[in-house]
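User: Hello! I am new to this structure, so could you walk me through a few parts of it?
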Amino acid sequence: MPIFHHSYLHKVCRSIFVAMGATSEEAEMVSTHVVRANLVGHDSHGVIQVPVYAQRIRVGHIVPGAPFEVEDETPTTAVINGNWGFGYVVTERAMEMAIDKASNNGVAAMTVYQQSHIGRLGDYPTMAADAGMIGLITADSGQGPKGVAPFGGSDRRLGTNPLSIAIPSNLEGAVLLDMATSAVASGKISLALNRGQQIPNSWVVDRHGQPTSDPQDYEDGGAILPLGADQGHKGYGLSFVVEVLSGLLTGLGFGVDPHGRHNDGCFIAVFNVAAFRPLEEFKTSVDEFARFVKASPPAEGFQEVLYPGEIEWRTENQRRREGIFVEDATWQDIWTLVKNLNIEDEVGNP
């Protein structure tokens with residue numbers, strides 16, 4: 001399994017996207033988000049996605065240079081049409097817009113539709129936390145391909161429907177909730193498949209509705225289960241709400257089109273802490289709360305209690321020092337792209 005410095009992976013990704021028609025700004029932004037996912041340990045949303053994005057560009061499902069269109073707007077809300085641009089670019093701009101509105105009006109909310117995959121959700125609310133605000137985002141693919149069975153069901157009716165919330169603090173790492181409402185993100189199944197690994201049998205059912213530990217069974221028509229195992233009604237309930245916010249409120253609708261283009265509809269909300277309480281007082285309270293929770297004596301099998309987002313912060317520090325592991329199958333796919341685009345000399349050696 002090759003190990004790469006994050007800067008080299010960024011260079012390779014950026015070169016690929018520019019060669020495929022992305023602007024320099026788009027390629028920089030997308031590559032930063034993709035490699036950051038690897039850095040924080042979310043490999044399912046990292047460079048493994050680059051060949052997928054390349055294919056979507058080829059067939060027109062991602063449109064480099066697409067306009068960012070504000071279709072409707074008030075001082076605290078907006079409706080954004082991404083016109084099938086890079087989801088990373090569209091959603092980052094939408095979050096910047098929400099932060100600006102919240103800074104002037106206390107709160108802001110907006111919907112985004114017709115854009116490609118936005119990757120790891122945690123990057124976007126973290127932007128709000130860095131600005132002293134609480135950020136929230138949910139995502140769903142509307143009527144696009146689905147992968148998750150509803151609680152009590154056995155076929156694909158829902159997306160993995162993730163949500164993420166970031167909270168400002170003075171802690172070393174961001175206080176960040178970033179989770180799928182399914183038992184697992186679909187990218188983790190692809191990752192296991194590329195690495196030749198089995199998966200827990202609580203993640204997926206095969207096309208006959210039977211639990212399985214073989215990731216290929218998902219690719220062959222199985223479905224991911226909702227978060228919560230025998231308490232899966234909780235994850236299912238969250239998923240239902242995320243689909244309403246990100247699919248119905250955006251106008252994308254619902255349903256399953258296994259051959260449709262990937263479309264991340266998003267709901268974004270930002271709350272300016274200063275509109276409710278002095279920011280520094282709030283951040284101090286968050287710090288004290290985190291320390292209070294972490295002081296709980298570890299249960300059997302655990303060494304310590306972590307606050308949400310702490311493991312990502314530690315992983316990022318470690319991988320910046322030690323490099324990022326990329327499975328052979330993924331790297332072969334990426335290097336095939338490099339060769340086909342004739343950019344081998346440009347990207348050079350790691």
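User: Which elements do the buried residues of α6 pack against?

Analyst: This is a predicted model, where local features need pLDDT of at least 70, side-chain atom pairs count only at pLDDT 80 or more, and totals for chains, interfaces and linings use all residues. Residues are numbered from 1 along each chain as its sequence is written, and side-chain values use heavy atoms, leaving out hydrogens and water. In α6, the buried residues (under 20% relative accessible area, 1.4 Å probe, protein chains only) are Gly187, Ile189, Leu191 and Ala192. Helices (H or I, at least four residues) and strands (E, at least two) are DSSP runs, numbered from the N terminus. The buried residues of α6 pack, with heavy atoms within 4.5 Å, against β8 (204–205), α7 and β10 (223–224).

User: What is the phi of Gly196, which follows α6?

Analyst: Gly196 comes after the helix α6. Its phi is positive, near 65°.

User: Is Val175 buried or exposed?

Analyst: Val175 sits in strand β7. Beyond its neighbours within four places in sequence, its contacts are Ile165, Ala166, Ile167, Ser169, Val286, Tyr307 and Pro308. Because its relative accessible area is 12%, Val175 is buried.

User: How far apart in space are Val175 and Gly309?

Analyst: In sequence, 134 residues separate Val175 from Gly309. From C-alpha to C-alpha, the distance in space is 5.2 Å.

Definitions and conventions:
Buried < 20%, exposed > 50% of the residue type's maximum accessible area, 1.4 Å probe, protein only.
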